Amino acid sequence: VSSQGNSSDGFLSCLTASIPRQLVFTPSSPSFTPLLKSSIRNPKFFTPSTVRPLYIITPTNASHVQAAVLCGRRSGLRIRVRSGGHDYEGLSYRSVRAESFAVLDLSSLRAVRVDAQAATAWVDSGAQLGELYYAIGKASGVLGFPGGLCPTVGVGGHFSGGGFGMLLRKYGMAIDNVIDAVLVDAKGRLLNKNTMGSDVFWALRGGGGESFGVVVSWQVKLLPIPPKVTVFNVPVTASQGAADLVTRWQQVAPALPEDLIIRVVVQQKTANFQSLFLGTCDALLPVMSSRFPELRFNRSDCREMTWIQSVPYIYLGSASTVEDLLNRTTAESVFSSGYKATSDYVRQAIPRDAWASIFAKLAQPNAGLMILDPYGGQIAAVPESATPYPHRAGVLYNIQYMNFWSMASGDGAVQTRWIREFYAFMAPFVSSNPREAYFNYRDLDLGENVVVGNVSSYQAGMVWGQKYFKGNYQRLAMAKGQIDPDDYFRNEQSIPPFANSR
Ligand code: FDA
């Protein structure tokens, strides 16, 4: 495959032989730009200088995906796969360097089939998390699934990179509960768990999107949820002792019963303690007063509801409804702010005086925010090598740093610099050797692939790969060597094939 798609006309004629014409879009089509924009979540990757696709294809079944891969290989054009478009670096729809490519947009491949009796579901990659949760909620009041909070996140990218949310302490990650998957590989074959081989099936579940082929659908295990859960959100300001409380939270939250998660969003001078408890307020009150009395939690803080109601309540706010989980459109307000994000893992509690400095930095002009997700419980019970996601036992919590800006008022240079300086400041307090990071909070500052002889370099990939995957990086590269030794599926942070397994 050449990096410049000089035979892109060949791609188009090959494609139209096997895919209905109306599913293939070229830049001259009036629908091309609205379709491209439709799931872009970070508008800093929608500017005149952004390297955009030559074509967008919207498959409606797996055979269209197979045809696109075969035509891509035959005519020397690479493919980028987009499910929900939430990639932090926009790699599902743009390239960092000048390169010709087509986007396979899976938004029309989004069926969810729940078998409540068997407590399983098949979900297509183009479904968004909200659609998955909604279908589960419709089928049963006592089943749930442990994925991320934002309803518009795509299943395809989310499961490929791990996936965690408010059920992480009870049931671990999304990938811990994937039991089968359907993959189109670089030869255009349609494979399942049995035919793709155990290394590839292992790699798909957390080893990152784009690397191993196109995952068309996933079978997941659904998990028991009580008919009533309790949600709370308690804000504590700096003058009310937020730094003391967050310092204490670091010890308390990872050791709580698995039915209870308390995460913290720290923004400006306020720490928001946000929680989901799998049970009633009556059952929660004694746990809070014995385990975290410093929060001064009381009955009036409790909001009881069903699990499916808690999903929009926590992410979209108290005025939202369960139907809002089905909304796929990108609000213009979302599209108007760019962002930069990155992540860390904390294995030793950060001292009180450092928290005082952190709060001071978060109160600066143009500062970002921190989201702290506590570990312990089931996420920590899974061995490091059981899935590609290695950040398990011993992690107290995950940190996500984010900084936003209005696209109308600037290019985000100031806010991006703030994140980079803050990340440097945090180095002494977080994991090291490697400094661990979460693949789904992708950050190209951690490193990019170097292509040597038309294949991404294994050695160069170690720089970012060990941060995301620790010791699992090598096994991922070996799985890549088995399924795609020519490195057809690649982007700036895809797994390189391990040379010895070629
Ligand atoms: P997108 O379509 O951009 O794909 C991401 C990557 O996966 C790309 O490299 C793409 O090529 C590849 N890919 C996509 N579909 C594929 C397929 N079918 N087969 C193979 N490769 C595929 N995470 C989390 O764990 N918990 C959370 O609560 C949240 N919350 C959250 C909120 C918001 C607003 C954003 C923007 C992001 C999150 N995330 C998150 C991060 C999220 O999990 C991550 O960005 C996912 O990769 C997004 O998946 P999409 O399918 O939406 O992205």
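1. Taking contact to mean heavy atoms within 4.5 Å, let's start with Thr387 in this predicted model. Leaving aside residues up to four places away in sequence, Thr387 touches Ile175, Asp176, Trp202, Arg205, Arg392 and Asn472. You will find Thr387 in the loop between α14 (378-381) and β18 (397-406). With a relative accessibility of 6%, Thr387 counts as buried, the cut-off for that being under 20%. If you would like a distant reference point, Gly85 is 302 residues away from Thr387 in sequence, and the two C-alpha atoms are 24 Å apart in space.

2. A word on the domains, which may help you find your way around. The assignment splits the protein into domain 1 (8-108), domain 2 (112-224), domain 3 (228-305 + 336-438) and domain 4 (447-501). Domain 3 is thus given as two segments, 228-305 and 336-438.

3. The interface of domain 2 with domain 3 deserves a look. Their C-alpha centres lie 25 Å apart, and 21 residues of domain 2 are in contact with 30 residues of domain 3. About 1900 Å² is buried between domain 2 and domain 3, and carbon and sulfur atoms give 64% of that area. Which residues of domain 2 lose the most area to domain 3? They are Phe164, Met166 and Arg169, which together make up 43% of what the domain 2 side buries.

4. Next, please turn to Arg435, which is found in the loop between α15 (413-426) and β19 (451-452). Is Arg435 buried or exposed? Arg435 is buried, because its relative accessible area is 14% and the limit is under 20%. Two polar partners are worth displaying here. The side chain of Asp344 makes a polar contact with the side chain of Arg435 at 2.7 Å. The backbone oxygen of Tyr423 also lies 2.7 Å from a polar atom of the Arg435 side chain. Not counting residues up to four places away in sequence, Arg435 touches Asp344, Tyr401, Tyr423, Met426, Ala427, Val430 and Lys467. Asp344 and Tyr423 therefore appear both as polar partners and among the residues touched by Arg435.

5. Strand β12 (residues 229-237) has pairings with β14 and β15 that are easy to trace. With strand β14 (residues 270-277), β12 runs antiparallel, joined by 8 bridges. Asn233 stands opposite Gln274 of β14. With strand β15 (residues 303-305), β12 pairs in the antiparallel sense over 3 bridges. Here Val229 has Met305 of β15 as its bridge partner.

6. Helix α4 (residues 129-139) is largely enclosed by the rest of the structure, because 8 of its 11 residues are buried. Those buried residues are Leu129, Gly130, Glu131, Leu132, Tyr133, Tyr134, Ala135 and Ile136. What do the buried residues of α4 pack against? Their neighbours are β5 (112-115), β6 (120-124), β7 (143-144), α5 (155-161) and α11 (307-316).

7. On to the cysteines: the count comes to 2 disulfides. One of them is formed by Cys14 and Cys71, with sulfur atoms 2.1 Å apart. The torsion about the S-S bond of Cys14 and Cys71 is about -75 degrees, so this disulfide is left-handed. Because Cys14 lies in helix α1 (residues 8-18) and Cys71 in helix α3 (residues 62-75), the pair ties together parts that are 57 residues apart in sequence. Both Cys14 and Cys71 are buried.

8. The other disulfide joins Cys281 to Cys302, at 2.2 Å from S to S. The link of Cys281 and Cys302 is right-handed, with 75 degrees about the S-S bond. Cys281 lies in helix α10 (residues 281-291) and Cys302 in the loop between α10 and β15, so the pair ties together parts that are 21 residues apart in sequence. Cys281 is buried, at a relative accessible area of 4%, and Cys302 counts as buried at 11% relative accessibility. With the bonded cysteines numbered in sequence order, the pairing reads 1-2, 3-4.

9. Finally, one more cysteine to look at: Cys150 counts as buried, since its relative accessibility is 13% against a limit of under 20%.

Notes. Residues numbered from 1 in each chain as written. Predicted model: local features only at pLDDT ≥ 70, side-chain atom pairs only at ≥ 80, totals over all residues. Heavy atoms only, no water. Helix = DSSP H or I, 4+ residues; strand = E, 2+ residues; numbered from the N terminus. Buried < 20%, exposed > 50% of the residue type's maximum accessible area, 1.4 Å probe, protein only. Polar contact = N/O pair within 3.5 Å; in protein donor to acceptor, adjacent residues only side chain to side chain. Pairing = 2+ DSSP bridges. Disulfide = S-S within 2.5 Å. Domains from an automatic or database assignment. Buried area = accessible area lost by both parts, 1.4 Å probe.
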